[in-house]
Structures are given as structure tokens and as C-alpha cells.
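Colleague: I should like to learn how to read the features of a structural model one at a time. May we work through an example together?

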Amino acid sequence: MDIAVREGKMEDAKRLADISSKGAEVFELWEYNRYSPYLQLAVVEQDKDCCFELLDKMFSLMGQDWKLADTMLYREIPQSGEANFLVQDERFEELERRFR
């Protein structure tokens with residue numbers, strides 16, 4: 001998408017944003033990922049209304065619980081727990097409170 005934007009091919013960039021958004025849905029990624037390519041385009045186009053609409057939606061999704069194990073495609077991938085040390089830190093809890 002970045003290349004299409006740099007080359008001034010905005011129709012291609014919009015199509016790639018659609019594909020990226022649909023890919024996030026098909027692969028059962030966090031719903032937030034469905035909106036990020038559209039935000040990227042809205043920023044390039046300097047469309048404030050669209051940016052704020054998307055940011056509102058994306059911020060509301062930041063508190064959404066998404067687990068790899070809940071997806072059909074990724075549920076068999078073992079969870080290593082290598083980031084558990086962060087979750088146990090009080091700063092992590094503060095971040096959770098701020099963004100819920």
C-alpha cells in the first residue's frame with residue numbers, strides 16, 4: 001500500500017486497504033487490524049473526519065480481548081508465555097486501566 005501511495009496510485013492503495021482489512025477478518029486477527037489500513041489512507045488523504053471516526057472505533061477495540069487460542073487457524077500454536085513478565089508488572093496494569 002505504501003508503494004501505491006508513493007506512486008500516486010490511490011485507487012490501488014484503496015484496493016490494497018480493502019484486501020488487508022478482509023485478510024484480517026479471514027485470518028481471524030484482532031478486529032483492530034481491520035481498520036488500520038483505512039486509517040493509514042485517511043492520514044495520507046488528510047481526511048480528518050474519517051481519521052477521527054476510525055480512531056474512535058480503534059480506541060474502542062483496544063480493550064477487546066483477543067486470544068490466539070480462540071481462532072480456528074491459530075488455536076494449535078503453543079503459547080510460549082515469554083511476555084508474562086510484562087503482565088505481572090504494575091505498569092502493565094496501569095496501561096490496561098488507561099486504555100479501557
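Colleague: Within what distance do the axes of helix 2 and helix 3 come, and at roughly what angle do they cross?

Modeller: Please keep in mind that this is a predicted model. Two packed helices are described by the angle between their axes and the distance between those axes. In this case, the axes of helix 2 and helix 3 cross at roughly 155° and come within 8 Å. Angles over 145 degrees count as roughly antiparallel, and helix 2 and helix 3 are therefore roughly antiparallel to each other.

Colleague: Which residues of helix 2 and helix 3 make the contact?

Modeller: On the side of helix 2 they are M10, A13, K14, A17, D18, S20 and S21, while helix 3 contributes P37, Y38, L41 and V44. By residue class, the contact of helix 2 with helix 3 comprises seven nonpolar, two polar and two charged residues.

Colleague: Which residues of helix 3 are buried, and against what do they pack?

Modeller: P37, L39, L41 and A42 are the buried residues in helix 3. The buried residues of this helix pack against helix 1 (2-6), helix 2 and helix 4. P37 and L41 thus appear in both lists, as buried residues of helix 3 and as part of its contact with helix 2.

Colleague: Let us turn to charged pairs. How many salt bridges does the structure hold?

Modeller: Side chains of opposite charge can pair when their charged atoms come close. The structure holds four salt bridges. One of them joins the side chains of K14 and E45, with an N to O distance of 3.6 Å. K14 belongs to helix 2 (residues 10-26) and E45 to the loop between helix 3 (36-44) and helix 4 (48-61); with their positions 31 residues apart, the pair links distant parts of the chain.

Colleague: Are K14 and E45 buried or exposed?

Modeller: Each falls in the intermediate class. K14 is partly exposed at a relative accessible area of 34%, and E45 is partly exposed at 38%. K14 is also one of the residues through which helix 2 touches helix 3.

Colleague: What separates R97 and E94 along helix 6?

Modeller: Because R97 and E94 are three residues apart in helix 6 (residues 90-98), about one helical turn separates them. They form a salt bridge in which the closest N and O atoms are 3.1 Å apart. R97 is exposed, with a relative accessible area of 54%, whereas E94 is partly exposed at 34%. A further salt bridge joins D89 and R91, whose closest N and O atoms lie 2.9 Å apart. Of this pair, D89 is partly exposed at 25% and R91 is exposed at 61%.

Colleague: How many disulfides does the count come to?

Modeller: A disulfide is a covalent bond between the sulfur atoms of two cysteines. The cut-off is a sulfur separation within 2.5 Å, and the count here comes to zero. C50 is in no disulfide, and its nearest cysteine sulfur, that of C51, is 6.3 Å away. As for accessibility, C50 is partly exposed at 25%, while C51 is buried at 12%.

Colleague: Backbone torsions interest me as well. What phi does E28 have, and where is its place?

Modeller: E28 has a positive phi of about 55°, although it is not a glycine. Its place is in the loop between helix 2 and helix 3, and E28 is partly exposed, at 31% relative accessibility. Q46, likewise not a glycine, has a positive phi of about 55°. Q46 comes just after helix 3, in the loop between helix 3 and helix 4, and counts as exposed at 68% relative accessibility.

Colleague: Is T71 buried or exposed, and with which residues is T71 in contact?

Modeller: T71 is buried, at 4% relative accessibility, and is placed in the loop between helix 4 and helix 5 (84-87). Neighbours within four places in sequence aside, T71 is in contact with E28 and W66. E28 is thus a residue with a positive phi and also a contact of T71.

Colleague: Finally, how far apart in sequence and in space are I19 and N84?

Modeller: I19 and N84 are 65 residues apart in sequence, and their C-alpha atoms are 33 Å apart in space. I19 lies in helix 2 and counts as partly exposed, with 43% relative accessibility.

Methods: Residues are numbered from 1 along each chain as its sequence is written. This is a predicted model: local features need pLDDT of at least 70, side-chain atom pairs count only at pLDDT 80 or more; totals for chains, interfaces and linings use all residues. Side-chain values use heavy atoms; hydrogens and water are left out. Buried means under 20% relative accessible area, exposed over 50%, partly exposed in between (1.4 Å probe, protein chains only). Helices (H or I, at least four residues) and strands (E, at least two) are DSSP runs, numbered from the N terminus. Axes are lines fitted to C-alpha atoms, for helices over the stretch in contact, and angles run from 0 to 180 degrees between N-to-C directions. Angles under 35 degrees count as roughly parallel, over 145 as roughly antiparallel, 65 to 115 as roughly perpendicular and the rest as oblique. Contact means heavy atoms within 4.5 Å. Ala, Val, Leu, Ile, Met, Phe, Trp, Tyr, Cys and Pro count as nonpolar, Asp, Glu, Lys and Arg as charged, and the others, Gly among them, as polar.
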